Amino acid sequence: VALDPFTSVCEEAAKFGADLLVTHHPLIFQPLTAITDETTVGRAALTLIQNGIAAINAHTNLDCADGGVNDTLASTLQFTVVQKIPTDPTGLLRQGEVERQDLDAFLDRVEQTLGCNGLRYVSGGKPVNRVAVGGGACADEMHEAFAAGCDTFVTSDVKYNQFWDAYDLGMNLIDAGHFHTENPVVAVLVEKIAAAFPEIEVKISETHTDCMKYY
């Protein structure tokens, strides 16, 4: 089980003797016209095919699911009173409360708890108390979080203009990285699969980490 079905993860699954690779992100995002070793997707797919390994991914459905990516992220950050954001039609985001604190203290919590290499953020000029989370690239949902009364939003892949939008709104916006905001759900998947199929050996990838670093 891993966040991504990258070639290194597929090779690890083959060495482990896995019959199935379960990931959050899919191997194939765009239709393929061929599977060859000339592309990264092709090499990963060939590794699975040649070793008889099936692959299952739970992407947006896992983001939105009760107990999925965003509930897990809220739990990891120790939110209380966690609930869906009523103005979010996708059912994707979660909101919750933390003890009122300075933004610097909350940034430290996010970095330490998620194991981030670093954070990008903009200050809305207010303390942190009511926080929305959207694992992965959810900055487009920022206005829904703000309308729900959240003073802070934790997500990833934030664009330049979105930081300025948050600044103008007076909202704290934190980009904690795509990998680090979604990876906590991997342990949840392992737990659920192992509980449902106790006779099957289930493990988390030992090689998959975030490739992005900060200099």
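Two strands count as paired if DSSP finds at least two bridges between them. The exercises below apply this to a predicted model.

**Exercise 1. Work out the order of the strands in the sheet, and state which strands stand at its edges.**

Step 1. Begin with β3 and strand β4 (residues 94-101), which pair in the antiparallel sense over three bridges. Within this pairing, Q83 stands opposite Q95 in β4, and R94 in β4 is the bridge partner of K84.

Step 2. Move on to the next neighbour: β4 and β6 pair in the antiparallel sense over five bridges, and here Q101 has V128 in β6 as its bridge partner.

Step 3. Place these pairs in the whole sheet, which is open and consists of six strands in the order β3-β4-β6-β7-β8-β5, with mixed pairing. The edges are held by β3 (80-84) and β5 (120-122), and because each has a single partner strand, one side of each is left without a neighbour in the sheet. From one strand to the next, the twist averages 20°.

**Exercise 2. Determine which strands helix α4 and helix α5 lie across, and at what angles the helices run.**

Step 1. Helix α4 (residues 69-76) lies across β3, β4 and β6 (128-133), and its direction makes an angle of about 155° with β6.

Step 2. Helix α5 (residues 103-114) lies across β4, β5, β6, β7 (152-155) and β8 (172-175), running at about 125° to β4.

Step 3. Turn to P184, which belongs to helix α9 (residues 184-196). When residues up to four places away in sequence are not counted, P184 touches T72, T76 and L114. The C-alpha atoms of P184 and V69 are separated by 7.5 Å, although these residues are 115 residues apart along the chain.

**Exercise 3. For the salt bridges R94-D71 and R120-D175, find where each partner sits and whether it is buried or exposed.**

Step 1. Recall the principle that side chains of opposite charge can pair when their charged atoms come close. A salt bridge is counted here when a side-chain nitrogen of Lys or Arg lies within 4 Å of a carboxyl oxygen of Asp or Glu, and by this rule the model has eight salt bridges.

Step 2. Take R94 and D71, whose side chains meet in a salt bridge at 2.9 Å, N to O. This pair links distant parts of the chain, since R94 is in strand β4 and D71 is in helix α4, 23 residues apart.

Step 3. Apply the cut-off for burial, which is under 20% relative accessible area. R94 has 1% relative accessibility and therefore counts as buried, and D71 is buried as well, because its relative accessible area is 18%.

Step 4. Treat R120 and D175 likewise: their side chains meet in a salt bridge at 2.7 Å, N to O, and the pair links strand β5, which holds R120, to strand β8, which holds D175, across 55 residues of the chain. R120 has a relative accessible area of 35% and so is partly exposed, whereas D175, at 4% relative accessibility, counts as buried.

**Exercise 4. Classify the partners of the salt bridge between K203 and E206, and then state which residues are joined into one network by shared partners.**

Step 1. The side chains of K203 and E206 meet at 3.4 Å, N to O.

Step 2. K203 is partly exposed, because its relative accessible area is 24%, while E206 is exposed, with a relative accessible area of 65%.

Step 3. Salt bridges that share partners join D66, D71, K84 and R94 into one network.

**Exercise 5. Describe the buried residues of helix α1, what covers them, and the nonpolar surface patch that includes I49.**

Step 1. In helix α1 (residues 7-16), the buried residues are T7, V9, C10, E12 and A13. Their cover includes β1 (20-23) and α2, and just after α1, G17 takes a positive phi of about 80°.

Step 2. I49 is found in helix α2 (residues 40-50). With the cut-off for exposed at over 50%, I49 counts as exposed because its relative accessibility is 55%.

Step 3. Together, I28, L32, I35 and I49 make a nonpolar surface patch of about 360 Å².

Definitions and conventions. Residues numbered from 1 in each chain as written. Predicted model: local features only at pLDDT ≥ 70, side-chain atom pairs only at ≥ 80, totals over all residues. Heavy atoms only, no water. Helix = DSSP H or I, 4+ residues; strand = E, 2+ residues; numbered from the N terminus. Axes fitted to C-alpha atoms, helices over the stretch in contact; angles between N-to-C directions. Contact = heavy atoms within 4.5 Å. Patch = residues over 30% accessible without salt bridge, like charges linked within 9 Å, V, L, I, M, F, W, Y side chains within 5 Å. Areas by Shrake-Rupley, 256 points an atom, 1.4 Å probe, with all protein chains shown as cover. Buried < 20%, exposed > 50% of the residue type's maximum accessible area, 1.4 Å probe, protein only.
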